[in-house]
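Good morning, and thank you for coming. Please look at the sequence and the model while I describe a few of their features.

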Amino acid sequence: MLREYPVWREGVVFPQLDNGRSLPTRADVVIIGAGYTGLAAARTLAQAGANVIVLEAQTIGWGASSRNGGMVLTGLKLDATQLVARYGRAAAQRMFAASLAAIDCVEQLVHEDAIACDFQRSGHVLLAVKPAHARAFATEAALLHREFGHETRVLGPGDLRSEIGSAAYYGGLLDITSAGINPARYIAGLGLAAIRAGAQIFEHSHATYIARNGRGWQINTGRGVVQAGAVLVASGAYTGRESARLQRKIVPLGSYIIATAPLPERVARELLPHNRMAFDTRHLLHYFRLTPDRRMLFGGRARFFPESPQMVRESAAVLQRAMAQVFPQLHGAPIEYAWGGTLDVAFDLMPHTGQRDGMYYALGYAGHGVAMATYLGMQLGACLAGAPFINPFAGLPFPGAPLGLYDGRPWFLPLVGAWYRFQDWLW
């Protein structure tokens, strides 16, 4: 029977909260969202002695924080060449350096709080679906070395055989700095770390209204009203009408994943002998990896709309066919899990963090949130506790939809999907 929930959540014990307790009426800081950003900020604030409350509409890690592919990656959605072309050399260097610091941040947090989440620096490989993509890897690798001091290795078709048991790709770019993780175990551990530090987390507490109240803020929920000195919106793709200005700048984008039954060790070793995180150069990309119990986890933008039971089932069929094309060895392999998650994607494909009209925020990770959301959450927590804000994305324009034709409901996603499919066919 197909299980329509993340394989990552099997056997994970999330913090047990008393969801019947009364909501406090005051706090130094209220954080909206108990994902990576919110919990990392809460942990940092509480360690600094702040009275911090986290409001979560569902449960800890309910969204993308427990539904992603478990890839802790270097870089951002835009590659190094695109970053330099758009923002210039100095700004691009700061952004890329932050992506490396973010992985170190996750590793340090996992160590400090003894979070058993299978964190491993196994590296990643970017795979070229067309010869032109493979040729571009040499330019990218040279730029990473020259401008960022970051070493990667270009793989030709012959070299790929040592990295992946597939003939579907024309080349690769290997980066050994990236890591893999069980995201559900990680977010559960991060939640426990925040609670141990003194943060209060309230599940099933949807913030329905956020407004200025004198020098502070008023946050309304179905469980009561909280007055706070500061507010941090960390709700990602699930940002709603209570934060309408932010909601109109973020597109909730569906991403779907399947997981096979555990594979024989010989087969797993043939498919990904070094246990790399892997993803390709399509606009509608495929990404895949092995889980610690040797399942092939295979994901992609099979559908663009946010997850629903129907979308999960339709996407599972699409992804199973795609997996068999990449790995003919897995044709007919039983699929035991299928699920969806929703990414927060800005119109410029960049993360955005800072302060707007006195409200703090961090969102727009575009699939790179495991590390970057943790890092920016900790930076924002430190900032709200009085430390300088190390913000590599300061000053970036935060664009909305052209002509303002977006109110938070992504009516245009079928058109975007069609355009990306055309681009994948064309180039």
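Let me begin with one pair of strands. Strand β13, residues 277-280, and strand β14, residues 286-290, run antiparallel and are joined by two bridges. Strands here are DSSP runs of E with at least two residues, helices are runs of H or I with at least four, and both are numbered from the N terminus. Two strands pair if DSSP finds at least two bridges between them. Ala278 has Phe288 as its bridge partner in β14.

A word on the source: this is a predicted model, in which local features need pLDDT of at least 70 and side-chain atom pairs count only at pLDDT 80 or more, while totals for chains, interfaces and linings use all residues. Residues are numbered from 1 along each chain as its sequence is written, and side-chain values use heavy atoms, with hydrogens and water left out.

How are the strands of the open sheet ordered? The eight strands follow the order β5-β6-β4-β13-β14-β15-β12-β16, with mixed pairing. At the edges are β5 (153-155) and β16 (335-346), each of which pairs on one side only. From one strand to the next, the twist averages 20°. Angles run from 0 to 180 degrees between N-to-C directions, and the axes are lines fitted to C-alpha atoms, for helices over the stretch in contact.

Two helices deserve mention. Helix α5, residues 131-148, lies across β4 (124-128), β5 and β6 (171-175), and runs at about 30° to β6. Helix α10, residues 309-326, packs on the sheet and touches β12 (250-260), β14, β15 (296-300) and β16. The direction of α10 makes about 60° with that of β12. Contact means heavy atoms within 4.5 Å.

I return now to Phe288. The structure holds seven aromatic pairs. Rings of Phe, Tyr and Trp (its six-membered ring) pair if their centres lie within 6.5 Å; planes under 30 degrees apart count as stacked, over 60 as edge-to-face and the rest as tilted. The ring centres of Phe288 and Phe327 are 5.3 Å apart and the planes lie at 85°, so this pair is edge-to-face. Phe288 is in strand β14 and Phe327 in the loop between α10 and β16, 39 residues apart.

Are these two residues buried or exposed? Phe288 counts as buried because its relative accessibility is 0%, and Phe327 is buried at 0% as well. Buried means under 20% relative accessible area, exposed over 50%, and partly exposed in between, with a 1.4 Å probe and protein chains only. Finally, ring pairs link Phe288, Phe298 and Phe327 into a cluster.
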